[in-house]
Every structure is written in structure tokens, then in C-alpha cells.
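Open the model in your viewer and switch to a cartoon view. Keep the selection box at hand. The tour goes stop by stop.

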Amino acid sequence: MARTLAILHLLLGLCSLSSSNITVASASGATTDAFLGCLAAAGVPPRLVQTPASPSYAALLLSSGRNLRYVAPGTARPLAIVAAAEPAHAQAAVVCSRRHGVRLRVRSGGHDCEGLSYSSLDPRERFAVLDLAALRGVLVDAARAEAWAGSGATLGEVYYAVGAASPALAFPAGVCPTVGVGGHISGGGFGTLMRRYGLAADNVLDAVLVDADGRLLNRTTMGEDLFWAIRGGGGESFGVVLSWKLRLVPVPETVTVFTVSRSRSQSASDLITKWQEIAPALPRDLILRVVVQNDHAQFEALFLGRRGRLLDHMGAHFPELGVTAADCEEISWIRSTVYFAFYSSAKPLELLLNRTGETGRFFKGKSDYVQEPIPRDAWERAWSWLEKPEAGLLILDPYGGRMHSISQSATPFPHRKGNLYNLQYYSYWSENGTAAMEKRMSWVRGLYREMEPYVSRNPRTGYVNYRDLDLGTNELEGNVTSYAKGRIWGEKYFMGNFERLAAVKAMVDPDDFFRNEQSIPPLPAAKGWSSI
């Protein structure tokens with residue numbers, strides 16, 4: 001795999017498959033055989049191309065189909081899955097898809113809340129999946145505090161490689177180790193280090209991308225507008241990012257964690273109410289997040305320092321939580337990634353390399369941004385939702401610190417200063433059938449409606465990595481995605497950055513080859529954009 005990435009870097013700007021004159025054929029004139037023949041002619045080994053007739057097709061489709069709602073019988077299936085093993089395979093997939101009128105969905109092998117990387121809401125759409133899971137090498141240069149990570153790597157694989165290279169370096173990204181690097185960074189990517197170092201996307205130095213013409217580009221050759229767009233503008237809109245150059249950040253060799261649970265009868269409502277003002281204002285080396293489920297609120301902390309100093313902070317800012325020395329554990333940063341993923345720092349680090357994690361779940365997620373503290377009586381009403389048999393959970397991730405000092409336009413991710421925290425609604429279930437799905441979906445949508453008076457408005461915003469098709473889906477206007485329809489959901493994720501994203505899209509992919517139900521539409525020529 002290291003050799004694959006080394007070859008990838010040598011190939012920057014060199015592309016025998018690129019064609020600036022490719023046009024998208026009509027889907028009715030395309031055939032699966034022609035598409036497959038094109039891949040073979042381009043040198044993609046047959047073993048890397050799975051069709052519904054292939055014995056391994058179903059297993060490969062399910063390999064990162066985390067949300068079973070989108071792999072259930074009756075859902076749209078790709079006509080082929082191309083499991084790229086090197087950059088040229090990804091280039092071939094783009095070129096052959098365009099040449100033969102086949103849409104291309106791209107997945108890095110991690111999570112996908114609405115299945116957009118491996119499914120389609122339109123049963124008539126002829127599409128293939130480009131699977132990047134094999135492009136998952138991670139090369140760490142500890143001396144330079146940098147790393148190259150393939151888009152197919154998981155966060156756990158990145159953390160493991162960084163931790164093995166140095167006990168004093170980290171990468172700021174999400175909590176769940178099975179999340180794919182490619183999708184995570186494409187949407188921004190926040191986690192336990194964001195209050196000190198910002199998002200994953202804020203710490204990207206370079207990237208390697210296949211554009212809509214099949215060309216292999218890096219930061220220099222793609223230009224700063226496209227480089228800006230891919231760091232938070234959502235996946236599958238601008239090209240196929242194959243790898244990312246990451247800035248690694250310093251951490252102390254000893255950090256401190258704790259998990260403290262308080263029930264509703266132990267003043268959980270009061271604690272959450274106060275937490276809303278305290279958590280975003282804490283020192284930036286400390287994050288205190290909350291997971292609310294059933295009748296409990298679980299407070300989870302990471303502090304970049306020793307136990308004694310953490311206890312001083314908690315005593316000064318949040319004595320009501322009652323954190324004691326016995327609650328705290330001093331560990332290394334790499335151990336903290338295991339702690340937050342598995343609620344035990346004693347579990348083997350090798351668990352970070354497990355790409356599958358929990359499977360066999362149906363789920364629905366939604367998100368909000370909270371800009372003013374939600375009153376206590378609203379939290380009391382929320383318990384009635386959380387104590388239902390079909391209830392899921394809430395996750396409250398505080399911002400502040402570095403998140404407030406980065407400009408809203410520095411990357412497409414706009415949710416910076418003015419936001420106290422991100423609120424995630426998560427419903428999951430294992431039983432199949434329409435009745436089970438309707439019950440769980442009704443729960444998460446009902447609680448989301450309940451919280452509407454207390455969250456951001458005009459627009460009511462959300463986090464693009466928690467994709468939510470309830471916010472709106474794209475429609476075609478001619479042969480490209482409608483900008484007017486796209487704005488309905490797009491400004492909820494990207495606010496004032498949406499128009500610039502659409503301008504970049506018009507510049508790099510005017511034919512709208514890379515598209516899905518919530519991809520960025522091209523900005524109409526009549527609108528223009530002064531900075532492009």
C-alpha cells in the first residue's frame with residue numbers, strides 16, 4: 001500500500017487517461033458491457049470489478065453499507081463496483097463512466113448517513129460505485145509532523161499510524177474509528193481536539209484528486225478555489241479525492257479523560273442547562289461533551305494535560321458536576337481514541353484497525369446548531385421523548401476555543417463563532433420492516449420538531465457529515481442540478497459559502513458529472529462570481 005501511495009505522488013499531473021473533451025452520453029444509449037469493456041481496455045483488472053452476477057458483489061456492496069435502509073431489498077443497486085487498487089483505476093472509472101453515460105458514486109469505505117455513496121433514490125439511474133477502501137495507506141513523517149492518508153483509510157487507521165510514530169503527535173478528527181477519512185474531511189470533520197486545533201479539514205495541507213476529465217491533480221494544479229471546496233464542501237461534488245496530506249498537531253504525552261453519568265433524578269436537566277454556557281467557554285485544551293440516552297446524561301471529557309489541572313478547571317467552572325480524582329484517568333492521546341470509541345482505555349490499540357465495527361443497523365440521523373442556551377423546561381420535555389421504548393439518543397458536542405477563531409469562510413464549513421454546540425439526533429434499530437422503520441423515523445423527526453424553537457433559524461442549519469435528506473434533495477434543470485432547488489438544503493449546511501461552492505462547481509465540473517441527491521449544483525452563468 002505504501003508503494004501505491006508513492007506511485008500516486010509520482011503521478012501527480014500525469015494522466016494517460018485524461019480527456020478534456022469527454023461528454024456524457026445519454027443513459028439510454030449506454031450499456032453495461034460497453035462500460036465494463038472500457039474499464040478492461042484501460043487496464044482495470046477484472047477481479048477488481050464486481051457486477052451483480054459476481055459471487056463477491058453482495059459482500060463488497062455490504063462491506064461499508066452501514067445504513068441497512070439503503071441496502072435492503074428493493075433499493076437501487078449499482079451496475080458495477082470498481083474496487084480501485086491504484087490511482088489509474090479511479091481515473092479509468094471516471095473516464096469510462098462519462099464516456100458511456102454511467103453515473104459514478106464514490107465511497108471511501110466508512111460511514112454514510114443517507115447511503116448516497118452506494119445507492120440512489122432514483123431506481124432508473126444507471127450508476128456504478130467507485131470503492132476506495134483499498135487506497136488506505138497512511139505514511140507518517142513524525143519529524144515534519146505530517147502524514148499522507150489515503151481516502152480509503154479509516155480514522156482508526158490514521159490514529160494508529162500516528163500513535164505508532166510518535167506519542168506527542170495527533171490528528172484532530174472524529175470519535176468513531178470506523179469513519180472513513182475521505183468522507184470525514186470532505187464534510188469538515190470535528191472531534192475531541194477541535195476546541196484546540198479546529199476541524200480535520202482545517203489541518204489539510206494538500207490533496208490528490210481525480211477531476212471530471214480524469215486528470216490527477218494536487219493542490220498546485222487544482223488551484224486554491226477547488227482546494228478550498230473539497231475541505232468541507234461535502235463529498236461527491238467536485239472530483240474523487242484519493243489522498244490527503246495532513247498536518248499533525250502536538251499533544252502532551254499524558255492526557256486526562258473522564259466519563260461521569262448523571263440521571264434525570266440526579267439533576268441531569270440542571271446540569272445540561274448549565275453545561276450549555278460552560279462547555280464552549282472552557283479552556284481550549286478541554287472538551288466536555290454530553291451523550292443523552294434513556295434517563296441519563298453522560299458527560300465525557302478530554303483534557304490535554306494532567307489530572308490535577310483538569311480537576312482545578314472543573315472545580316472552578318463546573319463544580320456542580322462533582323468530578324473527583326477517582327473519575328479521572330491519565331493516559332496517552334492514542335489511548336484516548338480507544339477510550340472514546342470503546343469506553344475503556346485498556347482495550348487493545350489494534351481495535352482501531354477494525355474497519356467493520358458495528359454492522360447490521362438501520363439508522364436515521366439529524367443535526368442542529370444551538371446558538372443560545374436551551375431553557376431547562378425544554379430539556380424536561382425532551383426526557384419524555386428519550387424515555388420512549390423506540391428512543392434513540394442525543395449527542396451534544398461543544399464548540400468554542402479554536403472553532404470560534406477561524407473565519408466562517410476559511411473553509412466551506414461555516415459553523416464557527418456564534419454556535420455553542422452541535423446537537424445530533426440519532427435513531428437506530430435492528431429489526432427489519434416498514435413498521436419498525438416508521439416508528440423510529442417518527443421518533444427522531446418528532447424530537448427534531450420539538451427542538452425547533454431553540455436552535456438556529458433563518459436558516460435552521462445542520463452538519464453536512466450528518467446527511468439528512470429531509471432537508472431537501474436535488475432536482476434536474478435540463479441536464480444539470482437546479483441551483484435554486486439546491487439552495488434549499490445547501491444553505492442549511494453551508495450558509496453563505498454555498499454560492500461560492502456552486503461557483504467552484506461551475507468552474508471544475510460544469511456538466512455536473514459528479515452528482516447525487518445532495519451534491520453541489522453548478523452556479524448559473526448569469527449569476528457569476530467575482531472571486532473565481
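**Stop 1: helix H11**

Select residues 307–317, which form helix H11. Show the side chains of Leu310, His313 and Met314: these residues of H11 are buried. Why do they lie on the same side of H11? They span an arc of only 95° around the axis, and that places them together on one side. Keep in mind that this is a predicted model.

Next, bring up what covers those buried residues. The cover includes four strands: S12 (255–263), S13 (286–293), S14 (296–303) and S15 (328–331).

**Stop 2: strand S12 and its partners**

Stay with S12. How do S12 and S14 pair, parallel or antiparallel? The pairing is antiparallel, over 8 bridges. Pick Val260 and look across to S14: Phe299 stands opposite.

Now turn to S15. S12 pairs with S15 in the antiparallel sense too, here over 4 bridges. Select Phe258 for this pair; Cys328 in S15 stands opposite. For orientation, side chains in a regular strand alternate between the two faces of the sheet.

**Stop 3: the sheet of 4 strands**

Move to the strands S1, S2, S3 and S4. They make an open sheet in the order S1-S2-S4-S3, and the pairing is mixed. Which strands stand at the edges? Select 49–50 for S1 and 103–107 for S3: each has a single partner strand, so one side of each is left without a neighbour in the sheet.

Add residues 127–131, strand S4. S3 and S4 run parallel and are joined by 5 bridges. Click Leu104, then Ala128 in S4: the two stand opposite each other.

Now lay helix H2, residues 32–41, over the view. H2 packs on this sheet and touches S1, S2 (80–83) and S4. Compare the directions of H2 and S2: they make an angle of about 15°.

**Stop 4: H2 against H4**

Keep H2 selected and add helix H4, residues 87–99. At what angle do the two helices pack? The angle is about 145°, and the axes lie 9 Å apart. Is the crossing left-handed or right-handed? H2 and H4 cross in the right-handed sense.

Show the side chains at the contact. From H2, take Phe35, Cys38 and Leu39. From H4, take Ala92, Ala93, Cys96, Ser97 and Arg99. Colour the contact residues by class: 6 are nonpolar, 1 is polar and 1 is charged.

Terms used
Residues are numbered from 1 along each chain as its sequence is written. This is a predicted model: local features need pLDDT of at least 70, side-chain atom pairs count only at pLDDT 80 or more; totals for chains, interfaces and linings use all residues. Side-chain values use heavy atoms; hydrogens and water are left out. Two strands pair if DSSP finds at least two bridges between them. Contact means heavy atoms within 4.5 Å. Axes are lines fitted to C-alpha atoms, for helices over the stretch in contact, and angles run from 0 to 180 degrees between N-to-C directions. Buried means under 20% relative accessible area, exposed over 50%, partly exposed in between (1.4 Å probe, protein chains only). The arc is that of the directions from the helix axis to the C-beta atoms. A crossing is left-handed if the near helix is turned anticlockwise from the far one by less than a right angle, and right-handed if clockwise. Ala, Val, Leu, Ile, Met, Phe, Trp, Tyr, Cys and Pro count as nonpolar, Asp, Glu, Lys and Arg as charged, and the others, Gly among them, as polar.
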